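Visitor: I would like to learn how to read a few features of a protein model. Could you take me through them one at a time?

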Amino acid sequence: MSGPMSGVRVLEVAQWTFVPAAGAVLADWGADVIKIEHPQTGDSQRGLRQLGHITVEGDRNPVMEHANRGKRSVALDMSTPDGHALLMDIARSSDVFLTNFLPDARKKLRIDVDDVRAENPDIIYARGSAYGPLGPDAGKGGYDMTGFWSRAAGALGSTPCDLDGVVPQPGPAYGDSIGGMTIAGGIAAALFERERTGMARVVDISLLGVGVWASGVAINAALASGTPWQTNPGGANVAPNNPLVGFYRTSDGRFLGVSMLQGFRYFAEFCRRVGVPELATDERFASHALLAANAPAAIEVLRATLGAQPLEHWRTVLDGFDGQWAPVQNTAEVAIDPQVRANGNVVAVQQDGQTFDLVASPVLYDETPLSLNPMPEFAAHTEELILELGGDWDRVTALKESGAIA
């Protein structure tokens, strides 16, 4: 696949989503990503068929497709001498070693930084972890629900203050996907530096760190004030000092999201469009300061007005309006959103004569939607890669007999 990462080889020793998602992004960008899987078990997610209330039937596996499209699958047992030797052969021809194995496992399997650098001193060594390489929890594992969502304040920052409970992540692998994109960016920067200076970095990205960055403005406010972030109550809430920031319920039980931080600038035109032009000339809202001071009164009128028509009506009424607004959509609606499609955020993938749609990573190059390849079948490229590395069929046979490869 062509792209800015064409010619870059990534050796991925990882499973689940957080780190493999980074490999998927790099593959989207054109890298040759070699995914190492255990000969007996493969990536643990290959058998995952239940996603929340959705049961996945047939050959499709959305989790694996999301994090593993465009890669090549090599099944080898790196715990065996022959398997480890083959892994190091691949490492010698690779630009990046990408892993989410914990420190003890990396040491036991002899795939830590020093082990890989002994074979390839110029390799970028990238590690994704739950809590980072330093501190008391450096050796502790975790998932995005723990490291990204719970511990980094995303969960409480998304939970209405009057809710008896905690809001879950918006969907499976939510933090993993954001984190994977972050890892890919870190690797790209390290490759850029190596190209210019010859220095090969060790790159570390944690779910905790990505979560802290995602909540960075609220955490910075806590650093400045010593006060934790306070969320709004549940339901169709609107900012108390700006009637054009928040959510309004429509007559069909849907929601319209508005985020006009310069509320007074857009207030008159918004009111005219939604059918209450009298608010635009009301002296209570005649300046920015007055609108902020009397916002509850405007909110009351707008709630009644917007609640009298369905969401589709307001889509039509607000079409072409310069103010910042959006319908609150579900995942099925996002999948067919024409703006999403126009920008290549969902693209068609060809596999075995069939076509299916898949979410693409969000970076466009030259305004051209990405062209994605499907995820690899388990072990599909093991023999191919051995031959590419200069091996022959005798070596393939010997590796199979020793149990080093599938």
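Guide: Gladly. This is a predicted model, and a good place to begin is with its aromatic rings: Phe148, Trp149 and Tyr174 form one aromatic cluster.

Visitor: How many aromatic pairs does a search of the whole structure find?

Guide: The search gives 9 aromatic pairs. One of them joins Trp149 and Tyr174, with 6.2 Å from centre to centre and 85° between the planes, an edge-to-face arrangement. Trp149 belongs to helix H6 (residues 144-150) and Tyr174 to helix H8, so this pair ties together parts that are 25 residues apart in sequence.

Visitor: Are Trp149 and Tyr174 buried or exposed?

Guide: Relative accessible area is the value to read here. Trp149 counts as buried, at 8% relative accessibility, while Tyr174 is partly exposed, at 35%.

Visitor: How are the rings of Phe270 and Phe321 arranged?

Guide: Their centres are 6.0 Å apart and their planes stand at 45°; planes from 30 to 60 degrees apart are neither stacked nor edge-to-face, so this pair is tilted. The pair links distant parts of the chain, 51 residues apart: Phe270 is in helix H11 (residues 263-274), and Phe321 is in the loop between helix H14 (311-318) and strand E11 (325-327). Phe270 is buried, with a relative accessible area of 0%, and Phe321 is also buried, at 9%.

Visitor: Which charged end sits over the ring of Tyr131?

Guide: That of Arg151, at 4.8 Å from the ring centre.

Visitor: Now to cysteines. How many disulfides does the structure hold?

Guide: First the general idea: a disulfide is a covalent bond between the sulfur atoms of two cysteines. This structure holds 0 disulfides. As for individual cysteines, Cys161 is partly exposed, with a relative accessible area of 42%, whereas Cys271 is buried, at 0%.

Visitor: Where does Val166 lie?

Guide: Look in the loop between helix H7 (154-158) and helix H8 (174-197). Val166 counts as exposed, at 54% relative accessibility. Leaving aside neighbours within four places in sequence, Val166 is in contact with Ala155 and Thr159. The C-alpha atoms of Val166 and Leu156 are separated by 6.6 Å, and these two residues are 10 residues apart along the chain.

Visitor: Finally, what does the domain assignment give?

Guide: It gives domain 1 (9-215 + 345-402) and domain 2 (245-322). Taken over C-alpha atoms, the centres of domain 1 and domain 2 are 45 Å apart.

Notes: Residues numbered from 1 in each chain as written. Predicted model: local features only at pLDDT ≥ 70, side-chain atom pairs only at ≥ 80, totals over all residues. Heavy atoms only, no water. Domains from an automatic or database assignment. Disulfide = S-S within 2.5 Å. Buried < 20%, exposed > 50% of the residue type's maximum accessible area, 1.4 Å probe, protein only. Helix = DSSP H or I, 4+ residues; strand = E, 2+ residues; numbered from the N terminus. Contact = heavy atoms within 4.5 Å. Phe/Tyr/Trp six-rings, centres within 6.5 Å; stacked < 30°, edge-to-face > 60°. Lys NZ or Arg CZ within 6 Å of the ring centre and 35° of its normal.
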